[in-house]
Amino acid sequence: MPKNKRIRRSDPTAASSAPYSLSDKSSSNNNDASSSRNKPEGASNLVAPNTSLGQHFLKNPAVVTAIVAKAGLKSTDTVLEIGPGTGNMTIPLLQQSKNVVAIEYDTRMVREVLKRVEGTSSERKLKVIQGDAIKTRFPFFDVCVANVPYQISSALVFKLLSHRPMFRCAVMMFQEEFALRLTARPGEALYCRLSVNCQLLAKVDQLMKVGRNNFRPPPKVESRVVRIELRNPPPPVNFTEWDGMIRLLFNRKNKTLRSVLLTKPTIKMLNENMRTQRALNNTNNNNNMADDDEEKEKGADEIIEEVVAMEQWKDKRANKLDLDDFLALLAEFNKRGVHFA
């Protein structure tokens, strides 16, 4: 790949970039490629990390070995690695799986990781896609393993949660506070929308803590490795509407449900949703118009007042509710014709 063709993050073609292969390199790199064959597999020169892209290379082999072991790889697995960097984790992943598909944004790192397998038995097992992991369509994979650039952590987690077909697990390293949010419980300071949505769709386990000195350069914060397993089958809930309610409630998670829901913008939005839903119901049920007219005439504000006055919701706050509470609350609103999407 010529060095002067660097794809910018905003370039829409980044998501559809063709996979790199060793044959794509220009002839000017042939001498470097030939010399790399004389190196043992996994050998690498030091490449300067680009911290503006969130690059902090994991340099401790013991930590790499532990992460790969936690993934529980099988010889038949296809592994998705996001952000392989210089390939410190890619090499052991290749050794324990059928093949590895790596997505890397930085063209320098693409060339570096390809060099590390050139001329080795692992060369044919590695496919590298240059592009933004958030914009790139994921291929089929059994296990995802990644040392995640911190600035894409949230977007990447939500992308994995919605990925189909389902994968067996994802073993990922995140900034410590972000990792703890994934498993935070009601009443804890870190409990948030991310906690609720992730725990609804997946089982998350904290695996290990990784100190900052295990990276080059050391980040400002500690890291943690987590294991994410999608719930199969997924919960029977409309996630778009679920997330609409959760997002709304966690905007002010320490306020009562009544205070959060009875604001003018929220009531306006819910009334519009109710009108849309009623119009759809009337269209689809022309022969069944015997619904409760009194209930139909109620506005969102009246219904909210009735629901939050119920004993189980009275004076309750989002930061103290668990998954079952939120599911019951959404079901109660839906039963009364209130929808959050």
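This is a short talk on the cysteines, charged residues and backbone details of one structure.

Hi everyone, and thanks for coming. Please keep in mind that we are looking at a predicted model.

Let's start with the cysteines. How many disulfides are there? The count is zero. Take C169: the nearest cysteine sulfur belongs to C144 and is 8.9 Å away, so C169 is in no disulfide, given that the two sulfurs would have to be within 2.5 Å. C192 tells a similar story. Its closest cysteine sulfur is in C198, at 9.7 Å, which is too far for a bond. And are these two cysteines buried or exposed? C169 counts as buried because its relative accessibility is 0%. C192, at 15%, counts as buried as well.

Now to the charged side chains. As a reminder, side chains of opposite charge can pair when their charged atoms come close. Across the whole structure, a search finds 15 salt bridges. I'll show you a few of them.

First, please find R224 and E176. The closest N and O atoms of this salt bridge are 3.2 Å apart. R224 sits in strand β10, while E176 belongs to helix α6, residues 176-183, so the pair ties together parts that are 48 residues apart in sequence. Both R224 and E176 are buried.

Next, move along to R336. Which side chain does R336 meet in a salt bridge at 2.8 Å, N to O? That partner is E306. Here R336 lies in the segment after α13 and E306 in helix α12, so this salt bridge ties together parts that are 30 residues apart in sequence. E306 is partly exposed, with a relative accessible area of 30%.

R336 also forms a salt bridge with E332, where the closest N and O atoms are 2.8 Å apart. E332 counts as buried, at 12% relative accessibility. Put these residues together with two lysines and you get a network of salt bridges linking K298, E306, E332, K335 and R336.

Let's turn to the surface. Which residues gather in a patch of positive charge there? They are R252, K255, R317 and K320. One of them, R317, lies in the loop between α12, residues 300-308, and α13, residues 323-335. With 34% relative accessibility, R317 counts as partly exposed.

While you have that loop in view, look for D315, which is found there too, between α12 and α13. D315 is a residue other than glycine with a positive phi, near 60°. It counts as exposed because its relative accessibility is 56%.

Staying with the backbone, I have two peptide bonds to point out. A cis peptide bond joins R164 and P165, with omega about 5°. P165 is in the loop between α5, residues 153-161, and β7, residues 169-175. Another cis peptide bond joins R216 and P217, and there omega is about -10°. P217 lies in the loop between β9 and β10.

That loop brings me to my last residue, K220, which also lies between β9, residues 215-216, and β10, residues 223-230. K220 is exposed, with a relative accessible area of 78%. And how far is K220 from Q175 in sequence and in space? They are 45 residues apart along the chain, and their C-alpha atoms are 9.6 Å apart.

That's my tour. Thanks for listening, and I'm happy to go back to any of these spots.

Notes: Residues are numbered from 1 along each chain as its sequence is written. This is a predicted model: local features need pLDDT of at least 70, side-chain atom pairs count only at pLDDT 80 or more; totals for chains, interfaces and linings use all residues. Side-chain values use heavy atoms; hydrogens and water are left out. Buried means under 20% relative accessible area, exposed over 50%, partly exposed in between (1.4 Å probe, protein chains only). Patches are made of residues with over 30% relative accessible area and no salt bridge: like charges are joined within 9 Å, nonpolar side chains (Val, Leu, Ile, Met, Phe, Trp, Tyr) within 5 Å. Accessible areas come from the Shrake-Rupley method with a 1.4 Å probe; for residues, only the protein chains shown count as cover. A salt bridge is a side-chain nitrogen of Lys or Arg within 4 Å of a carboxyl oxygen of Asp or Glu. Lys and Arg count as positive and Asp and Glu as negative; His and the chain ends are not counted. The place of a charge is taken as NZ of Lys, CZ of Arg, CG of Asp or CD of Glu. Helices (H or I, at least four residues) and strands (E, at least two) are DSSP runs, numbered from the N terminus.
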